[in-house]
Amino acid sequence: MKSLEELKRIKEQTLKAMDLRQAKDRGKVVVAMGTCGIAAGAKDTLMAVIEELEKANIHDVQVVQSGCMGLCDREPTIEVSMKDQPSVIYGDVDDANARRIVHEHIQGGQVVAELVIRRGNI
Amino acid sequence: MIRNQLLICAGGACITSGEKSVKDALVEELARNGIQDEVQIIETGCMGACDLGPIVVVYPEGTFYQKVNVQNAGLIVSEHLVKGRTVPELLYHGPTSEKKAQTSEEIPFYTRQVKRVLRNCGVIDPLSIEEYIARDGYFGLGKALEMGPDEIIKTVQDSGLRGRGGAGFPTGIKWKATKDATGSPKYVVCNGDEGDPGAFMDRSVLEGDPHSVIEAMVIAGFAVGAATGYVYVRAEYPLAIERLDYALKKAREYGFLGKNILNSGFDFDIEIRIGAGAFVCGEETALLRSIEGKRGIPSLKPPFPAQAGLWGKPTLINNVETYANIAPILINGADWFRSVGTSKSPGTKVFALVGKVQNTGLVEVPMGTTLRELVFDIGGGIRDGKKFKGAQTGGPSGGVITADYLDMPIDFDTVKEIGTIMGSGGLVILDEDNCMVDVAKFYLEFIVDESCGKCTPCREGTRQMYRIMERICDGKGRGGDVEKLKSLGKVIQLTSLCGLGQTAPNPVLSTIRFFEDEYRAHIEDKKCPAHVCKHLLTYSINPDKCVGCTACARQCPVQAIGGQVKKVHVIDQATCIKCGACYEVCRFDAILKE
């Protein structure tokens with residue numbers, strides 16, 4: 001270690017690894033992980049959301065899990081709530097749809113209409 | 001790809017309550033569910049809420065699970081991590097709140113705190129220098145090397161930081177005096193010989209964030225012109241020593257210690273010195289003698305360590321918590337530091353909150369916080385609905401703060417006005433069941449054991465005071481004993497050489513000041529109002545309540561209880577040794593303790 005630049009580089013790198021522990025206040029993605037959700041592939045959905053956010057370098061959106069949302073025939077379901085906007089629940093969110101929601105809704109600000117089950121809080 | 005991080009508190013208290021086996025159970029359960037590559041487990045330093053341990057926090061949600069054990073640890077994996085359901089039985093439920101807390105931000109114990117010294121404790125992995133750097137670690141050093149010694153010292157002086165070891169001496173003045181002193185080489189020393197009963201602030205910093213102390217010592221070395229530092233840690237802190245030693249190795253590897261630090265041309269290195277368990281070695285001159293390999297005995301000041309310390313050379317000596325404040329001051333400036341606390345005691349103070357409060361543990365609050373906030377808001381009030389009686393501060397060198405002063409802002413100066421000291425931050429909460437004479441006797445006994453013996457008033461005087469205290473508690477107190485204690489105490493205060501001796505009578509004098517009636521009750525009425533002093537108690541059986549179950553008679557170790565089955569029992573006072581076994585065993589509240 002010979003310079004402050006080097007120190008800053010380590011800081012930036014490590015912050016990425018510590019990212020899960022930082023406060024994230026721009027939004028939240030809830031992946032329903034009930035038995036039905038898991039059976040329908042919710043785990044792949046969860047990992048796809050996390051991976052896609054990372055790829056897009058988005059670090060202010062939290063990804064958490066919840067139990068069953070009660071919409072078993074549309075699993076996997078996810079709820080996207082961005083700050084100051086009504087939350088949106090999506091159904092049939094497989095790996096590809098999850099990535100699409102990250103790009104269009106979280107990154108682009110456009111709700112993916114054809115996957116929406118409901119807008120606003122349940 | 002990591003989707004969740006589990007932070008497990010690996011502070012001393014949580015380790016004692018089974019942190020390692022909880023961690024093993026979690027690792028096993030993760031593997032069983034096949035998600036070991038998606039979830040990362042990180043062991044941190046002390047999270048503070050020691051009586052809630054072992055603690056596991058699940059990120060990104062920040063869900064706070066407490067009192068986790070081997071049996072229920074698996075639920076965190078199978079429920080929370082696999083199915084996305086929180087585990088309600090492991091959430092904290094406060095005595096006054098209606099619903100359970102999901103995160104630490106919903107627990108009053110945490111919300112009232114301002115974490116500066118403990119900024120990284122419980123947040124980072126203490127073994128990871130990278131995580132320390134990610135939280136702005138070693139940026140203070142980087143800035144200091146650019147500022148130069150004079151500006152560093154001016155910033156520390158302007159911040160108004162006072163020594164957190166107990167006396168509250170202005171840190172900046174110490175730094176300047178050491179820099180200005182003639183003599184070479186100079187040394188930088190860290191006092192980690194935390195010896196007050198019930199205090200564990202410094203241990204937690206060394207265990208949870210060792211780099212914060214290392215970084216500050218390098219800054220101090222650069223500011224005063226020293227090339228060598230020593231951290232003096234007591235041998236009773238093996239985990240602190242282990243983590244500090246590892247941190248020193250990492251700091252060397254990264255070039256924060258050694259030659260030409262951050263290309264500045266400045267050389268500095270740190271060694272650990274382990275204390276052998278003498279309380280007096282927390283006194284700075286005795287500590288320095290001990291580092292030199294001599295017996296730890298205090299010496300007369302002046303000369304102060306800043307002029308003639310280690311091996312007669314100028315030496316800067318500060319406490320662990322004082323050092324932990326330094327790097328943020330340099331990064332954020334003196335005004336930032338002054339933004340909390342009182343004008344004469346800026347910044348925060350870490351307290352080890354112990355005794356009869358609901359939530360014991362490590363808390364950091366702004367200076368000037370009242371005892372009421374500490375005990376009732378953060379501490380959750382007194383256990384079992386009992387009444388608050390007082391708080392012992394400053395360990396064996398301090399005294400009590402009574403209920404009358406619950407609303408007094410606590411800082412270095414206000415506590416001094418009522419006859420106690422801030423001390424290093426041990427805060428022992430006492431309730432109506434504590435006998436103040438007995439509490440004072442406990443601390444005095446500690447001093448009698450720990451007096452180094454150099455000065456007669458301390459060596460012999462405290463022993464004589466202890467004898468008087470002993471006879472008061474034994475029911476053999478005489479008229480005039482209180483006055484004798486006062487005059488002996490005064491002499492010891494005035495004629496002892498070091499801080500230990502000068503403050504040794506404080507617990508006795510302070511309890512006499514506020515609870516003289518309790519002393520009088522012991523001496524004149526031969527009664528202990530709190531029912532603590534064994535020799536002043538009588539146990540008897542209430543004939544109206546006794547059903548003759550014989551439980552007490554069978555429990556009594558000296559066969560002092562007689563009576564037939566289903567008949568009222570009687571205690572023979574001449575045989576009774578007042579052990580209290582009958583009181584504990586009786587299911588009918590028939591044993592009277594007076």
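Modeller: Two residues are in contact if their C-beta atoms, placed from the backbone, lie within 7 Å. The model is predicted.

Colleague: Which element gives the most to the side of chain A that touches chain B?

Modeller: The contact takes 27 residues from chain A and 24 residues from chain B. On the chain A side, the elements that give two or more residues are α1 (4–17), β1 (27–32), α3 (42–55) and β2 (61–66). With 6 residues, the element that gives the most is α1(A).

Colleague: How many residues of each class does that side of chain A have?

Modeller: The side in question is the one through which chain A gives 27 residues to the contact with chain B. By class, it has 5 charged, 7 polar and 15 nonpolar residues.

Colleague: Why is chain B as compact as a globular protein of that length?

Modeller: Chain B comes to 23 helices and 17 strands. For its 594 residues the globule rule gives 25 Å, and the chain is as compact as a globular protein of that length because its radius of gyration is close to that, at 27 Å.

Colleague: Which are the edge strands of the open sheet of 5 strands in chain B?

Modeller: The order is β10-β9-β13-β11-β12, with mixed pairing. The twist averages 35° from one strand to the next. Two strands each pair on one side only, and these edge strands are β10 (361–366) and β12 (399–402) of chain B.

Colleague: What is the bridge partner of B:Thr393 in β13(B)?

Modeller: Strands β11 (residues 388–393) and β13 (residues 426–431) of chain B pair in the antiparallel sense over 5 bridges. In β13(B), the partner of B:Thr393 is B:Leu427.

Terms used. Residues are numbered from 1 along each chain as its sequence is written. Chains are lettered from A and ligands numbered from 1 in the order in which they are written. This is a predicted model: local features need pLDDT of at least 70, side-chain atom pairs count only at pLDDT 80 or more; totals for chains, interfaces and linings use all residues. Helices (H or I, at least four residues) and strands (E, at least two) are DSSP runs, numbered from the N terminus. Ala, Val, Leu, Ile, Met, Phe, Trp, Tyr, Cys and Pro count as nonpolar, Asp, Glu, Lys and Arg as charged, and the others, Gly among them, as polar. The radius of gyration is taken over C-alpha atoms; the globule rule is 2.2 Å times the number of residues to the power 0.38. Two strands pair if DSSP finds at least two bridges between them. Axes are lines fitted to C-alpha atoms, for helices over the stretch in contact, and angles run from 0 to 180 degrees between N-to-C directions.
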